[in-house]
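Colleague: I'd love a close look at just one part of this model. Could you walk me through a single helix and what surrounds it, in plain words?

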Amino acid sequence: MEALTLTTPALLFSAISLIMLAYTNRFLAYAAVIRNLSEKYRERQLESLKRQIINLKLRLNLTRYMQIFGISSLLLCVLTMFLIYIEQNTFAVWIFGIALLLLILSLALLIWEIQISIRALGHHLEDVEDQLKQ
């Protein structure tokens with residue numbers, strides 16, 4: 001196995017930064033949709049609106065955990081670089097491994113959230129199709 005160098009964890013910085021930007025955009029979009037749906041729900045307590053709000057709450061929570069795992073991964077990459085700097089290579093390798101696992105968890109949650117999102121859009125399209133048939 002090659003030695004871990006300062007550049008190895010640094011390579012993840014740009015990738016994690018882009019991922020965090022995408023997660024933040026998702027979070028902001030969900031917040032806007034939730035505000036809109038909650039206003040509509042106050043006007044008319046439709047079951048379909050309630051289901052959409054519950055679905056969005058789950059997706060919002062998943063996005064929060066995606067962000068937490070992504071940020072934790074970035075922090076551990078920085079810690080890895082510090083450990084390499086002070087020549088604690090054994091600890092650096094373990095911490096970097098944990099950082100990679102956290103990043104994997106973050107991306108796995110993204111896949112789960114995307115699947116939920118696709119299912120929700122499918123239900124919405126079914127509702128629209130039903131209205132078109134009438």
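Modeller: Sure, let's take helix H3 and follow it from its overall span to its buried residues and its partners.

Keep in mind that this is a predicted model. Helix H3 runs from 89 to 133. With its 45 residues, H3 reaches 66 Å from its first C-alpha to its last, which is close to the 66 Å expected at 1.5 Å a residue.

Now, which residues of H3 are buried? Start at the low-numbered end with Ala92, Ile95, Phe96 and Ala99, then go on through Leu102, Leu103, Ser106, Leu109 and Leu110, and finish with Glu113, Ile116 and Ser117. You may spot a rhythm in those numbers. An α-helix has 3.6 residues a turn, so residues three or four places apart point the same way. As for what lies over the buried residues of H3, the cover includes H1 and H2.

Let's zoom in on one of them, Leu102, which sits in helix H3. Leu102 counts as buried because its relative accessible area is 16%, and the cut-off for buried is under 20%. If you skip its neighbours within four places in sequence, Leu102 is in contact with Phe69, Ser72, Ser73 and Leu76. For a sense of scale, take Leu102 and Asn55: they are 47 residues apart in sequence, and their C-alphas are 25 Å apart in space.

H3 also feeds the largest nonpolar core, which has 20 residues. The members touching the most others are Leu12, Ile16 and Cys77. Helices H1 (7-43), H2 (47-85) and H3 each give two or more residues to this core, and H3 gives the most, with nine. Leu12 shows how things meet there: apart from neighbours within four places in sequence, Leu12 is in contact with Cys77, Phe96, Leu100 and Leu103. As background, nonpolar side chains tend to be buried together in soluble globular proteins.

Not every nonpolar residue is tucked away, though. Leu79, in helix H2, is partly exposed, with a relative accessible area of 34%. Leu79 joins Leu6, Phe82, Tyr85 and Ile86 in a nonpolar surface patch of about 500 Å².

Back to H3 for my favourite bit: Glu113. What is the relative accessible area of Glu113? The value is 0%, so Glu113 is buried. This is a charged side chain with partners, and the structure holds two salt bridges. In one of them, the side chains of Arg26 and Glu113 meet, with 2.4 Å from N to O. Arg26 lies in helix H1 and Glu113 in helix H3, so this pair ties together parts that are 87 residues apart in sequence. Arg26 itself counts as partly exposed, because its relative accessibility is 25%.

Glu113 also forms a salt bridge with Arg59, where the closest N and O atoms are 3.3 Å apart. This pair again links distant parts of the chain, with Arg59 in helix H2 and Glu113 in helix H3, 54 residues apart. Arg59 is buried, since its relative accessible area is 10%. Because the salt bridges share partners, Arg26, Arg59 and Glu113 are joined into one network.

Notes: Residues are numbered from 1 along each chain as its sequence is written. This is a predicted model: local features need pLDDT of at least 70, side-chain atom pairs count only at pLDDT 80 or more; totals for chains, interfaces and linings use all residues. Side-chain values use heavy atoms; hydrogens and water are left out. A nonpolar core is a set of buried Ala, Val, Leu, Ile, Met, Phe, Trp, Tyr and Cys residues joined through side-chain atoms within 4.5 Å. Buried means under 20% relative accessible area, exposed over 50%, partly exposed in between (1.4 Å probe, protein chains only). Helices (H or I, at least four residues) and strands (E, at least two) are DSSP runs, numbered from the N terminus. Contact means heavy atoms within 4.5 Å. Patches are made of residues with over 30% relative accessible area and no salt bridge: like charges are joined within 9 Å, nonpolar side chains (Val, Leu, Ile, Met, Phe, Trp, Tyr) within 5 Å. Accessible areas come from the Shrake-Rupley method with a 1.4 Å probe; for residues, only the protein chains shown count as cover. A salt bridge is a side-chain nitrogen of Lys or Arg within 4 Å of a carboxyl oxygen of Asp or Glu. The expected span of a helix is 1.5 Å times one less than its number of residues.
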